[in-house]
Structure formats: C-alpha cells, structure tokens
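Here is a short report on ring contacts, strand pairing and enclosed space. Please keep the sequence and the 3D view open while reading.

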Amino acid sequence: MSQLSSAARGLLIAGACGAMALPAAAQSSKTPKYSNEFLNLGVGARALGMGKVQVSLATDATAGYWNPAGLVNQTHKYDGVLMHSELFSGIVKNDYAAFSMPLDEKSAIGASLLRLGVDNIADTRALVNEYGYVDYSKIEYFSVADYALLLSYSRKLGIEGLSVGGNGKFIYRNIGKFAQGYGFGVDAGVQYNCKGWNLGLMARDITTTFNAWTINGDEYVKGVLNSDQANLKDEVPKNSTEITLPRFVLGVGRRFELPKQFSALVAADFEATTDGQRGTPISTKGVSINPSAGVEIGYRNLVFLRGGAGNYQQISSVVDLSKQWKGQYSLGAGVAVSGLRVDLALSRLAVEKLGSTSQTNSLIVSLGYGFK
C-alpha cells in the first residue's frame with residue numbers, strides 16, 4: 001500500500017500544481033487557444049484509423065504519446081513504431097518515431113520523437129536588386145518545423161491492472177532564421193484494465209507547458225527597401241512567451257470475442273480543454289468537451305479493420321448562416337504477423353465548412369515491431 005500511496009501522492013501533487021497554475025495562466029494574454037497544436041494531431045495509423053481513441057487502449061510504444069501508463073502493459077520486451085504522413089498534397093510532412101522497453105517486471109520507459117514541418121520555402125525578398133533586375137541566384141530556402149521529444153516512465157501499482165505514467169516533454173519550434181522557440185511540459189496518465197474493460201485518464205500539459213520565443217528582428221526586415229524599413233520595424237514581433245493550458249482525456253474501451261475467431265474492440269474518449277470556449281458539443285467558458293469513438297474488428301489477431309469519428313464542431317453556412325454539426329471521420333486497416341505491424345489510415349485532416357468541396361483527407365502509414 002505504501003507504493004500505491006507514494007504514486008498517488010505524486011499524481012495529486014502534479015494535479016494540484018496544474019490547478020494552481022491554471023487561474024493565473026488563464027488571465028494572461030500569452031495563452032493562445034491553439035498553442036503547440038502540432039502535438040494534438042495524433043500518432044500511429046492504428047490510432048488515427050480509430051478516430052484517435054487510444055487513451056485507454058495504447059499498450060505499445062505509441063503509449064508514450066497517448067498515455068504513458070500503458071507502456072508497462074506492452075506484450076513484447078522491446079517495441080518500436082515509425083509513422084509518416086503528408087498533408088495538403090505533400091506540402092506538410094508529419095513524422096514520428098518511438099521506442100519502449102521494460103526496466104523490470106513493474107516499470108517501463110519510452111522515448112518518442114515528433115516532427116511536423118514544411119521544407120524548401122522560397123525566400124524571394126532579395127529577388128529584385130537595387131537596379132530593378134531579377135536575380136534568381138538570390139533566392140534562399142528555409143524550413144518551418146516543430147519538434148517534440150517525449151521521455152516516458154510507467155509503473156504498475158499494487159492493485160492488479162492499475163498503472164501510472166508520466167512524460168517529460170521538450171519542444172523546439174523553428175521558423176527559418178526568423179524565430180525559434182523552446183518549451184517544456186509534463187504529462188501524466190493512469191490506466192486500469194479489469195475483466196475486458198479498459199479505462200484511462202490522460203492529463204496533458206498538466207503543469208502548463210511553457211514556450212519561450214526569440215525573434216530575429218534584423219532578419220525579419222532584411223531585404224526591405226530603406227524607405228519602408230523604419231515603418232516595418234514597428235511591426236516586428238518581440239521576444240515573448242506563451243503557455244499551453246492543460247487538457248484532460250478520459251477513455252473507456254471494451255473488447256468482445258465474436259464467433260469464428262473474430263473480435264471487436266469498441267472505445268470512446270472524452271477530451272476536455274481548458275483554454276476557453278470552443279464550438280464543441282459540450283462548451284462552457286471554463287471547459288469544452290469533445291467526444292470521439294472508434295471500433296476495431298479483428299480476425300485471429302492478424303487482420304484488422306477500423307473506423308472512427310470525433311472532433312465534432314458546429315459550423316455556420318456562408319449562404320444562409322444556418323448551423324450544422326460536422327465531424328472528422330477515419331478508416332483504417334492493419335496486419336500483424338510475428339511481431340511486425342503494418343497499419344494504414346485514411347483520416348480527415350480538418351472539419352470542412354458547409355458547402356465546401358475541398359479534399360482534406362490524409363493517408364497515414366505506420367510500421368511497428370515488437371520483439372523479445
């Protein structure tokens with residue numbers, strides 16, 4: 001019981017720190033509603049094919065992202081996952097890698113690396129020289145990218161099926177030579193598995209995540225005509241900080257055995273954000289809650305079909321100002337043979353406006369491998 005009390009005290013202290021930091025942070029103008037949003041895109045084609053419903057289910061290397069408490073429940077001694085997806089017709093690259101392993105019978109560790117970026121952006125500010133001639137050799141290229149490193153720890157507690165975990169989260173964001181930001185945050189999670197039921201609770205940015213931005217003002221105005229430079233300097237962004245407020249995800253899942261060696265896994269997540277009112281099904285000034293659901297049909301634990309829905313938002317029509325609820329939907333498939341997992345997902349990138357015909361689907365591919 002002493003082990004349970006110690007771990008519980010740690011989670012309560014972390015939660016109290018987050019609760020105390022929240023009111024002060026909410027009063028600041030440096031708490032944008034979508035801070036570090038690249039960390040909320042999700043990882044792993046299995047998860048994305050199920051509508052990002054994983055807080056109660058993740059038990060492989062991806063648990064370091066979804067809920068680090070699940071790392072201690074992985075079925076292989078070592079597990080690794082790679083994922084790649086391309087968004088907006090390949091303009092944006094989204095990459096992810098993770099590895100996890102046990103320390104002993106009751107604890108495990110993991111590491112996850114994420115990158116979302118746009119490369120080879122042309123800087124044409126010096127394309128036309130002072131004489132009015134075009135000089136293509138003056139074109140420079142830069143990248144805009146967001147990086148995150150998650151270091152995870154998970155431990156089983158004295159109650160059978162109960163585990164806790166946490167992340168130390170390190171963030172680096174780069175906008176070419178114009179600006180860069182560094183950040184740090186903490187996540188905490190709990191999983192409980194009993195008689196086929198899976199329960200999970202994940203607290204992201206529980207102590208709030210702090211980002212510090214440094215702006216290169218000289219590079220910002222480089223190439224601007226002298227007559228305009230004085231006015232532009234007044235508009236150059238200043239060094240600043242921003243805070244990512246906590247979000248909490250409660251998950252529940254249930255596995256069913258079906259005839260003829262089929263199985264079904266059904267799960268739902270309820271995500272609560274604390275950064276202001278959003279257009280979600282449950283929306284208040286303090287907390288907004290967005291539900292999502294997913295299902296996975298398996299055959300002999302070898303072949304899987306998946307589907308999911310979530311991120312419901314109330315969208316206004318640009319024609320008659322009527323409102324309608326729209327969500328994001330996803331499909332997926334996977335094969336698992338001798339520790340190797342190959343998963344594909346087709347996921348809607350964003351909720352479209354009413355009447356829009358644009359295609360925002362994204363194809364995600366991930367490979368996982370677990371070995372003794």
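## Aromatic cluster and ring pairs

Tyr78, Phe99, Tyr369 and Phe371 are linked by ring pairs into a cluster. The model is predicted. Across the whole structure, a search turns up ten aromatic pairs. One of them joins Tyr172 and Tyr182, with ring centres 5.1 Å apart. Their planes meet at 40 degrees; stacked needs under 30 and edge-to-face over 60, so this pair is tilted. Tyr172 belongs to strand 5 (residues 162-175) and Tyr182 to strand 6, so the contact ties together parts that are ten residues apart in sequence. Tyr172 has 24% relative accessibility and counts as partly exposed. Tyr182, at 47%, also counts as partly exposed.

Within the cluster, Tyr369 and Phe371 form a stacked pair. The distance is 5.5 Å centre to centre, with 25 degrees between the planes. Partly exposed covers the range between 20% and 50% relative accessible area. Tyr369 has 40%, so this residue is partly exposed. Phe371 has 35%, so this residue is partly exposed too.

## Charges over rings

Two arginines sit over aromatic faces. The charged end of Arg204 lies over the ring of Tyr65, 5.4 Å from the ring centre. Arg254 is placed over the face of Phe256, at 5.5 Å from the ring centre.

## Strands 3, 4 and 5

Strand 3 (residues 107-123) and strand 4 (residues 140-156) run antiparallel and are joined by 15 bridges. In this pairing, Leu114 stands opposite Ala148 of strand 4.

Strand 4 also pairs with strand 5, again antiparallel, through 13 bridges. Here Tyr153 faces Gly166 in strand 5. The two strands form a hairpin with five residues between them. Gly161 in that hairpin takes a positive phi near 90 degrees. Strand 5 is also the strand that holds Tyr172 of the tilted pair.

## Strands 6, 7 and 10

Strand 6 pairs with strand 7 (residues 197-204) in the antiparallel sense, over seven bridges. Which residue of strand 7 stands opposite Gln191? The partner is Gly200. Strands 6 and 7 make a hairpin with two residues between them. Lys195 lies in the turn and has a positive phi of about 50 degrees.

Strand 7 pairs with strand 10 (residues 247-258) as well, antiparallel over eight bridges. Gly200 has Gly251 as its bridge partner in strand 10. Gly200 thus appears in both pairings, opposite Gln191 and bridged to Gly251.

## Second largest pocket

The second largest pocket has a volume of about 830 Å³. Its lining has 37 residues. Nearest the centre lie Arg46, Thr59, Asp60, Thr75 and Arg341. Several elements give two or more residues to this lining, among them helix 2 (45-49), strand 1 (78-87) and strand 6 (179-194). Strand 14 (303-316), strand 15 (323-337), strand 16 (340-348) and strand 17 (361-371) are also on that list.

What is the class make-up of the lining of the second largest pocket? It has eleven nonpolar, 18 polar and eight charged residues.

## Enclosed cavities

How many cavities of 30 Å³ or more are there? The count is three. The largest cavity holds about 140 Å³ of space. It is lined by 20 residues, and the closest to its centre are Ser35, Asn40, Asp205, Thr244 and Arg247. The lining of the largest cavity divides into six nonpolar, six polar and eight charged residues.

The second largest cavity holds about 60 Å³. Its lining consists of Leu39, Tyr65, Leu150, Lys169, Asp187 and Arg204. By class, that lining has three nonpolar, no polar and three charged residues. Tyr65 and Arg204 are in this lining, and the charged end of Arg204 sits over the ring of Tyr65.

Notes: Residues numbered from 1 in each chain as written. Predicted model: local features only at pLDDT ≥ 70, side-chain atom pairs only at ≥ 80, totals over all residues. Heavy atoms only, no water. 1 Å grid on protein atoms, 1.4 Å probe; cavity = no way out; pocket = protein on both sides within 12 Å on 5 of 7 lines; lining within 4 Å. Points joined across faces, edges and corners; volume = space filled by probe spheres on them. Helix = DSSP H or I, 4+ residues; strand = E, 2+ residues; numbered from the N terminus. Nonpolar A, V, L, I, M, F, W, Y, C, P; charged D, E, K, R; others polar. Pairing = 2+ DSSP bridges. Phe/Tyr/Trp six-rings, centres within 6.5 Å; stacked < 30°, edge-to-face > 60°. Buried < 20%, exposed > 50% of the residue type's maximum accessible area, 1.4 Å probe, protein only. Lys NZ or Arg CZ within 6 Å of the ring centre and 35° of its normal.
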